[in-house]
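Q: Please go through this two-chain model by asking, for each term, what the computed values are and how they meet the definition.

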Amino acid sequence: MRSIVLGPLLRLVPVGLVALSIQRVVFAAHPVFHDVKLQFVLALVVAAGAGGGADRGAVAGFVLGLMYDISGNTPLGLMALAYGLGGMTAGYVHSFTPDPQWWLASIFAFFGAAVGEAAIPVAEVITGENGWLTSEVKWTIPIVAGFAALMCPLLMPVGRWMMGVKRKKWKAMLE
Amino acid sequence: MFSSLSRRRVILLVVLTCVLLITLDKRGNPVIDRTRGVFARIIQPFDTATRAISLPIERAWNGVTNYDDVERENEALRDQIEHMKGNDVEARSAVLEYRELLKLNQLTSKFQFDTVAAQVVGESPSNFQNTVEINVGSRQGVAVGMPVTDGAGLIGRITKVFPTRSIVLLLTDPEFSIQAQVLTADDAPTGTSSPTESTTLSGIPISDLTSSTTSTSTTTTTRPLPEGLEPLPTTTVAGQPGATTPAQSTTTSTTTPEVVRETGLLEGQGADKPMLLRFVDTNSSNSNVKVGAIVDTAGGNSGLAPQGIPIGIITKVERQTGSSASRVEVTPNASLKRLNFVAVVLYVPNQDAVGK
């Protein structure tokens with residue numbers, strides 16, 4: 001219990017509050033191409049996943065998604081589910097290499113963010129909130145995913161620190 | 001934390017918790033509502049700090065990049081205001097007459113309800129929600145379901161209320177729907193329209209006649225001359241030498257248009273898309289509803305807003321093959337992307353209607 005409180009959660013919540021404020025104040029007010037709002041919190045989630053692995057990505061997505069739900073109008077758990085899936089997908093980069101290069105992490109962040117953003121309208125349809133699974137998604141998903149991929153190299157150190165992951169130090173094997 | 005749990009267990013735990021929370025929140029849970037209220041207070045200083053940092057940067061950027069556009073827009077708006085001053089006087093007198101009539105007939109309207117002025121302080125951070133946040137809440141008497149308007153008309157309704165702020169679901173959100181009415185002037189020449197004025201004029205050029213009268217329909221008849229009679233004197237149109245018009249007998253009649261009221265359900269279709277109007281009587285859209293007709297709230301016991309709040313204008317009526325109903329699109333009056341000051345109408349709708 002002590003390790004949970006003093007571990008990732010203690011860092012996740014304050015970092016999440018700052019990220020959420022940036023999302024609400026800066027990115028929500030300035031939509032870009034096709035009126036798509038860039039998703040800073042999702043970018044942080046997939047960066048945490050790419051830096052820490054699938055399970056850590058899922059937990060980061062769950063906690064930050066819950067904060068997103070609580071601060072807004074979405075049903076509690078909806079964004080948590082979508083972001084959890086996004087973080088988990090990005091974290092699968094660790095199945096290929098334990099210490100991914102920045103470009104490889106960015107590629108997985110792209111797919112993670114795409115899965116996370118696409119999961120929102122799908123989850124809304126499942127929970128009975130129809131109307132968002134439209135052709136506009138074809139613009140929303142690649143733009144949001146592209147932004148997450150660009151931000152990944154910058155946000156990955158924050159994500160690693162947030163999830164309490166230390167960068168692996170390789171040592172030569174002793175004879 | 002992670003070492004003690006396997007990857008599959010962590011993921012399964014996350015998914016199950018999410019499903020449980022969605023179910024609890026969808027059914028309405030006071031604990032979750034209270035948590036939202038507490039979190040709103042926690043995040044407020046973070047929002048204020050972020051705004052304090054980002055606003056000067058944003059203003060400087062806008063000053064550099066958008067100065068010319070803003071100046072041009074300002075000039076256009078000044079012109080528009082001058083044009084609208086005339087309409088405003090006319091509209092005010094119409095509103096006063098309308099209130100008098102409502103009072104005489106003991107009918108309810110939007111004018112009976114107080115409003116609370118509010119400012120939009122935030123937009124939905126998600127791409128899949130059309131909401132805005134305003135800076136009034138339960139302390140100012142705001143409750144869930146109340147309609148919100150701006151100067152141009154209805155913008156949405158309150159869906160969540162906290163002590164000092166509220167969330168407004170905009171009318172373009174797919175979750176939004178409201179009872180609406182369409183008022184159209186049935187000015188087609190039918191048997192029901194009665195002529196109220198009929199005059200016969202002769203010896204006046206047609207061009208003068210049509211420009212000097214304000215009638216809705218003009219009939220021009222040229223009688224054949226009887227045998228042995230001299231032709232009638234002709235008049236010359238000023239400024240057009242040689243252009244002559246024979247004396248004519250002209251009948252002018254003015255008809256009073258009949259106002260037709262059709263009710264239906266207006267639904268949002270997502271941001272940047274017009275709203276969709278479904279009529280109670282599916283034949284309505286084929287007969288009376290026309291492009292340009294005004295749409296406003298219908299009111300009534302099951303209505304989410306009092307009668308008479310303007311919503312928008314019909315911009316498209318599309319006939320559908322294989323169906324008696326047409327697809328009627330309504331564009332909102334309010335500019336939902338540029339909301340700043342709004343008013344919450346303190347009208348508590350029927351809670352069953354809010355639930356829907």
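A: Between chain A and chain B the count is three salt bridges, a salt bridge being a side-chain nitrogen of Lys or Arg within 4 Å of a carboxyl oxygen of Asp or Glu. This is a predicted model, in which local features need pLDDT of at least 70 and side-chain atom pairs count only at pLDDT 80 or more, while totals for chains, interfaces and linings use all residues. Residues are numbered from 1 along each chain as its sequence is written, chains are lettered from A and ligands numbered from 1 in the order in which they are written, and side-chain values use heavy atoms, with hydrogens and water left out.

Q: What makes the pair Asp47(B) and Arg24(A) a salt bridge?
A: The closest N and O atoms of Asp47(B) and Arg24(A) are 2.7 Å apart, and the rule asks for a nitrogen of Lys or Arg within 4 Å of a carboxyl oxygen of Asp or Glu, so the pair qualifies.

Q: How many residue pairs are in polar contact across the interface of chain A and chain B?
A: The rule finds 19 such pairs, both residues at pLDDT 80 or more; a polar contact is a pair of N or O atoms within 3.5 Å, where within protein one must be able to donate a hydrogen and the other to accept it, and residues adjacent in sequence count only if both atoms are side-chain atoms. On the side of chain A that touches chain B, the largest share, 12 residues, comes from α4(A), and the residues of that side divide into 33 nonpolar, 17 polar and 10 charged. In this division Ala, Val, Leu, Ile, Met, Phe, Trp, Tyr, Cys and Pro count as nonpolar, Asp, Glu, Lys and Arg as charged, and the others, Gly among them, as polar.

Q: How many residues of each chain are in contact, and what area do they bury?
A: With contact meaning heavy atoms within 4.5 Å, 60 residues of chain A touch 48 residues of chain B. The two chains bury about 4800 Å² between them, 65% of it on carbon and sulfur atoms, where buried area is the accessible area (1.4 Å probe) that two parts lose on being put together, summed over both. In chain A, Arg24(A), Asn73(A) and Trp132(A) lose the most area to chain B, together 17% of what that side buries.

Q: Why are β15(B) and β16 of chain B called paired strands?
A: Two strands pair if DSSP finds at least two bridges between them, and β15(B) and β16 (residues 326-332) are joined in the antiparallel sense over seven bridges, so the condition is met. Strands here are DSSP runs of E with at least two residues, and helices are runs of H or I with at least four, numbered from the N terminus. Within this pairing, Ile313(B) has Thr331(B) as its bridge partner in β16(B).

Q: Why does the salt bridge of Arg36(B) and Asp25(B) tie together separate parts of chain B?
A: The N to O distance of this salt bridge is 2.5 Å. Arg36(B) lies in helix α2 (residues 30-65) and Asp25(B) in helix α1 (residues 7-26) of chain B, so the pair links parts that are 11 residues apart in sequence.
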